[in-house]
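New notebook page. I want to go through this one a piece at a time and jot down what I look up.

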Amino acid sequence: MRALIVLLLVLAVVVAGIVLGYTQISAQTARVQEPVQPIAFSHVIHAKAVGLDCQFCHRTAATSSFAGMPSLQQCMFCHVVVGQQRPEVQKLLAAWQNNEPVNWVRVYRVPDHVQFTHQPHIAAGVACSTCHGDVQEMPVVRQAVTLNMGFCVDCHRKNGAPTDCAACHY
Ligand code: HEC
Ligand code: HEC
Ligand code: HEC
Ligand code: HEC
Ligand code: HEC
């Protein structure tokens, strides 16, 4: 009986060790995918708590290749009064006053030989979350979906979108 208890304890420790080691490894990979941005902008505050529509800031998603990034002027719509005592908002105010761009670090990027365009996807009703995950739950945007060729082509095949090579490579 005692031998069995000892065996179970040893097993529990080994399992805990594996689980801990695994979470550490996945935490490391997650961190690599969460670039430190020049200003700690949070989608949880803006897209969830304040409830702004994605396209309030990413204005050209429905009309162009690029989803587009908001200008500082759009931020100042609120931050001319909101959160001015917060250090991260003060960085925003300083950039605005000095007329300096904020160089957001890119998260998603397809290789140069791939042509991607937002417009037909938004027109076909594909949700942002299909390709970017639940961004409104991310304090720091990370790459939630691997946009490899299979991911693109599988959906194109299912939805009657073009699958010829030249649709995405030219
Ligand atoms: C519709 C209004 C609105 C717009 C537009 C807006 N924000 Fe905010 N922002 C808020 C509110 C509300 C808070 C929370 C303030 C608080 O709790 O004191 C906030 C908080 C912040 C914070 C502080 C986060 C923290 O943890 O301290 C930063 C940084 C920030 N916003 C950056 C931006 C940037 C950059 C833009 C433009 C891309 C932007 N905001 C556009 C309303 C807005
Ligand atoms: C208040 C403005 C604002 C709103 C609303 C907003 N975003 Fe953003 N978004 C930003 C800013 C600023 C960045 C760059 C900083 C960062 O990555 O956090 C960004 C970055 C991103 C990125 C990463 C872009 C890259 O570098 O590849 C994605 C994807 C994204 N947003 C999707 C969304 C989605 C989906 C929604 C709606 C759920 C949304 N955003 C709502 C301002 C906004
Ligand atoms: C079918 C997949 C797909 C959908 C749907 C999609 N995106 Fe993207 N998004 C991408 C890809 C792929 C990139 C990288 C493009 C590149 O490298 O040129 C990207 C890049 C971005 C960027 C970086 C800046 C830019 O303009 O390239 C932002 C911001 C963004 N998406 C926001 C959104 C928002 C907001 C929505 C919903 C309105 C959305 N995306 C819907 C696949 C998608
Ligand atoms: C969730 C489904 C889905 C995913 C994922 C997806 N697409 Fe699409 N794509 C569509 C649909 C639907 C259309 C619109 C087809 C139409 O209008 O007939 C489209 C259209 C396109 C077009 C325009 C084609 C043309 O000639 O009209 C290109 C280019 C494209 N997608 C590239 C990509 C790339 C690159 C990826 C991966 C990064 C991707 N798509 C991922 C569903 C998707
Ligand atoms: C719906 C869009 C789409 C179509 C259609 C498509 N590709 Fe791709 N292709 C991609 C994307 C996205 C990548 C980049 C994948 C990555 O970075 O992991 C890619 C990558 C590639 C690569 C580089 C592979 C690598 O490991 O980097 C080759 C070669 C390629 N495609 C060939 C083709 C050929 C040949 C066809 C026609 C039979 C085709 N593709 C059709 C989207 C597409």
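Is Asn99 buried or exposed? I counted its neighbours: 7 other C-beta atoms lie within 10 Å of Asn99. The cut-off for exposed is 12 or fewer, so Asn99 is exposed. Note to self: this is a predicted model, not an experimental one.

While there, I checked where Asn99 sits and how its backbone turns. Asn99 belongs to the loop between α5 and α6. Its phi is near 55°, which is a positive value in a residue that isn't glycine.

Next entry, ligand 1. I found 21 residues around ligand 1, and Cys75, Cys78, Gly83, Arg86 and Glu88 come nearest. Then I asked which elements give two or more residues to this shell, and got α2, α4 (72–79) and α5 (87–97). The biggest giver is α4, with 5 residues. Sorted by class, the shell around ligand 1 comes out as 14 nonpolar, 5 polar and 2 charged residues.

On to ligand 2. Here I listed 20 residues around the ligand, with Leu52, Cys54, Cys57, Tyr108 and Cys128 coming nearest. At least two shell residues come from each of α2 (43–49), α3 (54–57) and α7 (128–132). I noted the classes too: 13 nonpolar, 6 polar and 1 charged for ligand 2.

Then ligand 3. Its surroundings hold 20 residues, and the ones that come nearest are Cys54, Phe66, Ala67, Cys128 and Cys131. I see Cys54 and Cys128 turning up in the nearest sets of both ligand 2 and ligand 3. For ligand 3, α3, α6 (118–123) and α7 each supply at least two residues of the shell. Which element has the largest share of the shell around ligand 3? I looked, and α7 does, with 4 residues. The class split for ligand 3 reads 12 nonpolar, 7 polar and 1 charged.

A quick cross-check on the helices: I had written down α2 for ligand 1 and again for ligand 2. I had also put α3 and α7 under ligand 2 and under ligand 3.

Last entry, helix α8. How many buried residues are there among the 10 residues of α8? I got 0 for this helix, which runs over residues 149–158, and I wrote it down as hardly covered. Just past α8 I came to Gly160, where phi is positive at about 65°. That makes two positive phi values on my page, one at Asn99 and one at Gly160.

How values were computed:
Residues numbered from 1 in each chain as written. Chains lettered and ligands numbered in written order. Predicted model: local features only at pLDDT ≥ 70, side-chain atom pairs only at ≥ 80, totals over all residues. Buried ≥ 20, exposed ≤ 12 C-beta atoms within 10 Å, placed from the backbone. Near = placed C-beta within 6 Å. Nonpolar A, V, L, I, M, F, W, Y, C, P; charged D, E, K, R; others polar.
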